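This report covers the nonpolar cores, some backbone features and one sheet. Please keep the sequence and the structure at hand while reading.

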Amino acid sequence: MRICFYGYLDAVELFCFSMPPKKGKSSKGGKLNKAQKAKQQQEEEERRLQEEEEARLHAEKEERERLERERKEKEQERLELKDQERREDELNELRHLLEENHTAVTTWKTDAVEKAKWERYMHCDGTPDPAVQQDLNTHISLWRDDPEVNITLVLKQCHLALQLMEELEALLRDVTDPQECHKYQDGLINLQELIHSKHLLTTEEILKSASMNIDTETGNMQTVVKDVNITLCLWANLKKNPRFRDLNFGEAGLGFELPKQLAVSHIAVRLLHTHYDHLSLLARMAHPRMHTPSLRSLACGEEVPADIDVPEQEETKRTGEAKEDIETQQQRVDKESAASQESSRNSAQPAEGRVSQIQTQMEALSSKMPSPTLPDTPKRQPHHTGSEGDLTETPIVQLTMMDRSECVQAVDLMQYTPLGGVFYCDVFHLPPQTHQVNGWEIRQLLDEGLQVFPYPLEKSNLDDTEALTCPPVGVSVTLPDSVVFLETPQVARWDAAVKQWRMDSITDLSYEEKEAKISFKMDSFQPFVLMQETYANLPFLSWELRPLGQDAALFTVNGALIDLSITIQGNQCMLQLGQERGLSHLIGKWMSGPILQRAMLNAGINIFVNEYTDKYIITCGKDPLTEHAAYEQMALFASACAFSWSKWNAKCGAEHLVMQACEHHDPVPVPKDSWSLYLLGAQRSQKLEITEKSAEFSPDYYPGSEFHSTFIHMLQDNMSTDGIARTRESNNLFVDTVQSLLCATRPLMYS
């Protein structure tokens, strides 16, 4: 059995190994591989054909682009040659227009000055001419010896003195002779001191009769005297009530809070609000290197630093080299290109129209002229929202006095502007009172006049049991209606020893915005002022200049904190604000451009810049001469063309400007689809193909347009005959007013 079993297994095994293989899945899989290979070959062939087609299309595209580039290059070469052929004629025409306008404006201003002098002479009212030192000194001497102490009459005399000071300030702004400058400054200081002494005399006269004017409720004397120039608040402590805390002069918007030591003292408190600010003027005269720009700037008629912190011999040498270099450049520029005469703002060096050598001349100036030394301060970022979080730490200037070992922290009056006048906070010994005896008035006479009551109190004046510490004095002020505070006001006190404003020793400051009231405390009785950041409304978010008719235009500025518009009619301007802010003495009033500018600065509405503005505000960094040339040409066409801000101005580089412009005759707003973009440079101007909605900046010119050496000839290509005629009929004073306004605001640099 065993043998048979194994034999059977062997037979089975032999049978299994001898069976032929069956056709199964492996054979079928072979057929699928062939199909896949065929499909793959077909896909590869299609892909090859597609790549060849794409390569052919790409080559065709590159060829078209190459041909288009060559066509554009040839077209651009043709346009450049055409521009070069007419360049001299266009520049000469621009020069002629600017020279003609400048000559007419200069003649008109000269005649106006002579007319004013003649009218003053014919008036014969006894008012001295502040330009004549002898007349002014005689007037000051006579007024100083005048014994008049009646406050009504004295305030009239002070009003005349303030008018003389305004004239002296105007003379000081235009003076170039150092001797004349010192003469006008001496006159200003003498008048200022005399006005101050007259205020003290009238205050003393009122306080001598304090007991005759007692308030029945408090037992003390309190009175308010208001004038167009001052507000005087007086309080005499006759009752000496230790529970007395504070007093508010409601009609004057002023109040004070006294510590206990003063509530029981024989004193009088004076709060005098002068609507003018002579102390800041004194600070600028005392520290001209910090606060007062002098000479005229090259580009826009603003002032440049006269007293640069370098040795005198080196400064003279550098100035002479700069002058010589400018003259050399001037000769080359006059041969190659046309230029206009100096700006109507009395620029130090003619800068208009030097389009072919602008960058070269600016490089020469920057290499020769030293830069002003200013304190490093944080710059305001563009599109500032004005929120409290954006306020930076108050910049200060370190001044070391000769007779002091410590450093004084003085407010930088180029970054901060005092607004609303000066508030004098004083405490005096109450003078002897008048007594009525048998119909006679008896009063003790003192030779020393009104005496200041020392506070903080000296140790010798305090009892042994009394605390040696003297609490601060509280003051509250309702913000004047004559100014606008775009941010929370800052408070600064006057340091008479160094003739500077300081912000230290001001505590417990609180501001009630709805009531427009600010309260704080000071260590002692001192003059104080409310301040605002000078460039709070910069940089601009947008701007627009559009015509309202012949010799009329509307300049609109959307600032960082406030929107406004200035209507220009001839040589007169009128301000309008986007928000209701009061200022009835300013808004809607026609006045000349320079007067409006000073009024806006005094009201806290500053859209004007100077050579120091870029120390505090980030700018577009444009070439000043190219920028100034643009303002000149915009003014020439302001009766027929509208101009506006462009976002691409910040993207086109320092050597170019970009703005929107179009012909516009109606006083209605400019339709959005009417604007075109223009690129302005030192060599030429061109119309751009891009729009404000384009994804990125491109300097490609608009198809079908041409190149021109001047902006006005570029504009003329798309203007009607009537529009061009309007520009040629523009009044010279209107052109000068528009140009001065643009140069004073410089919207292409600060937007």
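**Nonpolar cores**

The model is predicted. Its largest nonpolar core holds 68 residues. Within this core, the members that touch the most others are Leu-564, Ile-566, Leu-575, Met-600, Phe-643, Phe-711 and Leu-715. Helix 15, which spans residues 732-745, gives the most to the core: seven residues.

What does Leu-715 touch, leaving out residues up to four places away in sequence? Its contacts are Phe-637, Cys-641, Phe-643, Ala-661 and Tyr-678. Phe-643 is also one of the core members with the most contacts to other members.

Another core lies apart from this one. It has 48 residues, including Leu-136, Leu-191, Leu-194 and Ala-236.

**Backbone features**

Most peptide bonds are trans, and most residues other than glycine have a negative phi. The table lists exceptions to both habits.

| Feature | Place | Value |
|---|---|---|
| Cis bond, Tyr-455 to Pro-456 | Pro-456: loop between strand 10 (440-442) and strand 11 (473-478) | omega near 5° |
| Cis bond, Leu-538 to Pro-539 | Pro-539: loop between strand 16 (528-533) and strand 17 (542-549) | omega about -5° |
| Positive phi, Lys-499 | loop between strand 12 (490-495) and strand 13 (500-502) | phi near 55° |
| Positive phi, Asp-508 | strand 14 (residues 506-512) | phi near 50° |

Both cis bonds lead into a proline: Pro-456 and Pro-539. Each of these prolines sits in a loop between two strands, Pro-456 between strands 10 and 11, Pro-539 between strands 16 and 17.

Are the two residues with positive phi buried or exposed? Lys-499 has a relative accessible area of 33%, so it counts as partly exposed. Asp-508 reaches 53% and counts as exposed, because the cut-off for that class is over 50%. Lys-499 belongs to a loop, whereas Asp-508 is part of a strand.

**The sheet that includes strand 14**

Strand 14, the home of Asp-508, belongs to an open sheet of five strands. Their order is 3-4-11-15-14, and the pairing is antiparallel. Which strands stand at the edges? They are strand 3 (246-249) and strand 14. Each has a single partner strand, so one side of each lacks a neighbour in the sheet. On average, neighbouring strands are turned by 10° against each other, direction ignored.

At the strand 3 end, strand 3 pairs with strand 4 (residues 254-257) in the antiparallel sense. How many bridges join strand 3 and strand 4? There are four. In one of the pairings, Asn-248 has Gly-255 of strand 4 as its bridge partner.

Technical notes: Residues are numbered from 1 along each chain as its sequence is written. This is a predicted model: local features need pLDDT of at least 70, side-chain atom pairs count only at pLDDT 80 or more; totals for chains, interfaces and linings use all residues. Side-chain values use heavy atoms; hydrogens and water are left out. A nonpolar core is a set of buried Ala, Val, Leu, Ile, Met, Phe, Trp, Tyr and Cys residues joined through side-chain atoms within 4.5 Å. Buried means under 20% relative accessible area, exposed over 50%, partly exposed in between (1.4 Å probe, protein chains only). Contact means heavy atoms within 4.5 Å. Two strands pair if DSSP finds at least two bridges between them. Axes are lines fitted to C-alpha atoms, for helices over the stretch in contact, and angles run from 0 to 180 degrees between N-to-C directions.
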